[in-house]
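User: Please take a close look at one part of this model, the salt bridges and the nonpolar packing around them, and give me one connected account.

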Amino acid sequence: MGAAEDTRGWSVLAAVMLLAVLSHTNSAKDLEAPQPAPGSTHQHHRLKRGWIWKQLFVPEEDPVPRVIGQIKSDYDRGESAIQYILSGEGAGDAFEIDEYSGEIRTLKKLDREEKAFYVLQAQAINRHSQEPEEPQSEFIIKVQDINDNAPQFQNEPYVSSIPEMCPTGTTVVQVSATDADDPMFGNNAKLIYSILQGEPYFSVEPKTGIIMTSWPNMDREAREQYLVVVQVKDMLGLSGGFSSSTTVTVSLSDVNDNGPMFQHHLYTFAIPEDASVGTTVGRVMAEDADIGANARMNYSLEDDLEESATFTIKTDRATQEGVVMLAKPLDYESKRRYVMAVDAVNEQVDTSFLPFEEFTDRTTLKIVVEDVNEPPVFFSPFYEWKVAENAAVGSAVGVVSARDTDTVNDPMRYSIDKSSDTTKSFRIDPLNGTLTIAKALDRETATWHNLTIIAKEATHNRLSSTVVASIKVLDINDNAPRLAGHYQPYICEGTQAGELIQLLSAVDPDEPSEGHHFYFSMVPDIHINPNFTIRDNQDNTAGIVARRSTFTRKDRSRYLLPVVVSDGGSPALSSTTTLTISVCSCQPGGHCPTGGVEALALSMGVSVQTFVGLLVCLVLITALSLLMLLLRRHRRKQKADHKNVSELDLPDTVSQKVLYYGESRGRIPVSGPPCQQRAAVPVPLRPHPKRRNRRLAMEEVRASIRMSLRESHLIGPEDEIFRQFILDRLEEADEDPCAPPFDCLRTYMYEGSGSSAGSLSSLESWTQEEPVSGPRPHWARLTPWYGGGEEDTVF
């Protein structure tokens, strides 16, 4: 402490001496200034007189107000005639002046770290004249530093990483602290660094704060992170100073200083024999204490061991495991166990830490195949046979064979899937798998037969398998050729001899391997056809050629020409088609209308336009007639449905079988002869279960009546035919329970031309009777009973 106090004392003394020298220099300059002449207009400067100062420093953080200095004018005689005024930084706030004595006092506690010095101005004014006795003087009050601030670390928190196994003295990080105290005054801001926690692994340089490693071969796998506590002190670490601490997190980064290592010398897995290729058998793992890229490794199966190609291994990058997978199908009956070696090697090798052989490890892998009851296996994955379409029923087509791959070796039973042989054309021997023909084959119906054959175990689990057998039916010449189309050849009247009339071609359902060869000819005859001949073009076509030039429609309109078509098969087959050759009056250009309206018009000797017009008129007339007939029948039907038949006005001599069909609401009183009264009694209609059949029968009856009426004008009532007609009609009316009483109508409607009494029928007389007074029933004609109106009897 003695050295610190001596330094402080010398600093204060140097400041006082400096101010004194400055003040003395200013006073000397004022004294040496020339005096102005009397009466001169030049402004004369007043000589600067000296100020008296006692103290120019104030300690910071001093809580007691005290006098820190005094200013005094040379004109001050102690009579209080001088007024001292203080202005500038902190005047009135931090400092005040006694206006009579000039003493300067502190008003509050000062902080050097907030403001290190204050610049103030002092004046001495005459109280009576208010004139300055001394010019304004500027001076500085300096706040003297004390150690009142602790050092603070910058850029916290501190985090650093160094590689593991690094040498001693490797720089980790540099820490830095600052002190708000005055570094130029004493040791208040002199800092020193030290390690509180982290030894013996780390050390710190006391003045710079650089942290370094002090322990060799630090292993990340043993300890990955360290916390180092660093302390900083001011006052060079002497007692009475302030201190702070910070924490530095030091991580060790990984280097590849460890190789992979399997935890087991033998790994055993089991897999069923029916496992599909690509199935995961199991996982093996070699542990590596390193992390990241240094821990990556590749697995491989040793090729020198037996059957290693049956399995493969790949690395799972997420877990660094070796995944063993099936690469080929397994067969329990062939091989039941596999033994192989698995190697694990690091991807990145650093021989500065370990030799190369330390970065690999090996283990043994044992895989056991489990037996599975498998379905039968056919000796061939596909069967294909050929058979001629004329092969006899029962002929053998081929043989399928399957076996049980299990150790039991069950016998097989064979069958055909019914959905693949819907025609039931084949059968198979269930014991030996021989496929035979069950029905005659036809290549033209089905060229291929694709059968699904089933092989099933006879005992045990009765597992089954299927195989496809394709049977191609070979063609034989069993179809005769025929002409390719329905030919309608014609020959124009002006055709010359040797001209081609029709080009012929043929088709054959058969498909010979060398292609079709058709031959065209005429039917052999004793006499040569004088009209036509057939010319074979030797390219499966032939032409009909005219032999003469005198064809006319007047002589003959049609000719029949038999054409024989034969194929080149063995044996050869042939067919005969008779063609009709028409003689046509061809139009210009050789066109002959062979059918339809045009041909019919030509045959009638009129133009096509005229004939078409006649046909259109005929169609229109027919349509109008049918429309009028339908309309008339519709009207008659409406009248018959809505008209209520009241009664029939017949004489007493008329048969009482004539019924009256009136309304069902009640009886209508009738006055008149008894015949009319009896006819007015309502009689319910009989049910008509067969109305349609009765309507057809009535139509026949009406047609017969109309024909008889026409004949009666010529024959007469005495004729035997007429009498027989009357008797037949009476018999039909008596036997038909659903027919109205036609006997009265048909008997008395017309008596013949020889009667002098005239007609007795009421159908012609009721309209001429005098009207009967009083209410009388409605009359209706019996026309609906026998069909048609009055026009039906007109001939």
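Analyst:
**Salt bridges and nonpolar cores**

In this predicted model, the side chains of Glu 302 and Arg 362 meet in a salt bridge, with an N to O distance of 2.6 Å. Glu 302 lies in the loop between β21 (297-301) and β22 (311-316), whereas Arg 362 belongs to strand β25 (residues 360-370), so the pair ties together parts that are 60 residues apart in sequence. The two partners differ in burial: Glu 302 counts as buried because its relative accessibility is 19%, under the 20% cut-off, while Arg 362, at 46%, counts as partly exposed.

The elements named for this pair return in the nonpolar packing. The largest nonpolar core has 24 residues, and those with the most contacts inside it are Val 284, Tyr 299, Phe 311, Leu 365 and Ile 367. At least two residues of this core come from each of β18 (266-272), β19 (280-284), β21, β22, β23 (321-326), β24 (337-346) and β25. Of these, β24 gives the most, with four residues. Leaving aside residues up to four places away in sequence, Ile 367 touches Phe 269, Ile 271, Val 281, Phe 311, Val 324, Tyr 338 and Met 340, and also Arg 336 and Arg 337. A second, separate core has 23 residues, including Tyr 383, Ile 416, Ala 455 and Ala 469.

The Glu 302 and Arg 362 pair belongs to a wider set, since a search of the whole structure finds 16 salt bridges. Another of them joins the side chains of Asp 475 and Arg 443, at 2.9 Å from N to O. This pair, too, links distant parts of the chain, 32 residues apart, with Asp 475 in the loop between β34 (464-474) and β35 (482-483) and Arg 443 in the loop between β32 (434-437) and β33 (448-457). Here the arginine is the buried partner, as Arg 443 has a relative accessible area of 6%, whereas Asp 475 is partly exposed at 24%.

Salt bridges that share partners also join Arg 220, Glu 221, Glu 224 and Asp 254 into one network. Within this network, the side chains of Arg 220 and Glu 221 meet at 2.9 Å, again given from N to O. Arg 220 is buried, with a relative accessible area of 7%, and Glu 221 counts as partly exposed at 26% relative accessibility.

Key. Residues numbered from 1 in each chain as written. Predicted model: local features only at pLDDT ≥ 70, side-chain atom pairs only at ≥ 80, totals over all residues. Heavy atoms only, no water. Salt bridge = Lys/Arg side-chain N within 4 Å of Asp/Glu carboxyl O. Buried < 20%, exposed > 50% of the residue type's maximum accessible area, 1.4 Å probe, protein only. Core = buried A, V, L, I, M, F, W, Y, C linked by side-chain atoms within 4.5 Å. Contact = heavy atoms within 4.5 Å.
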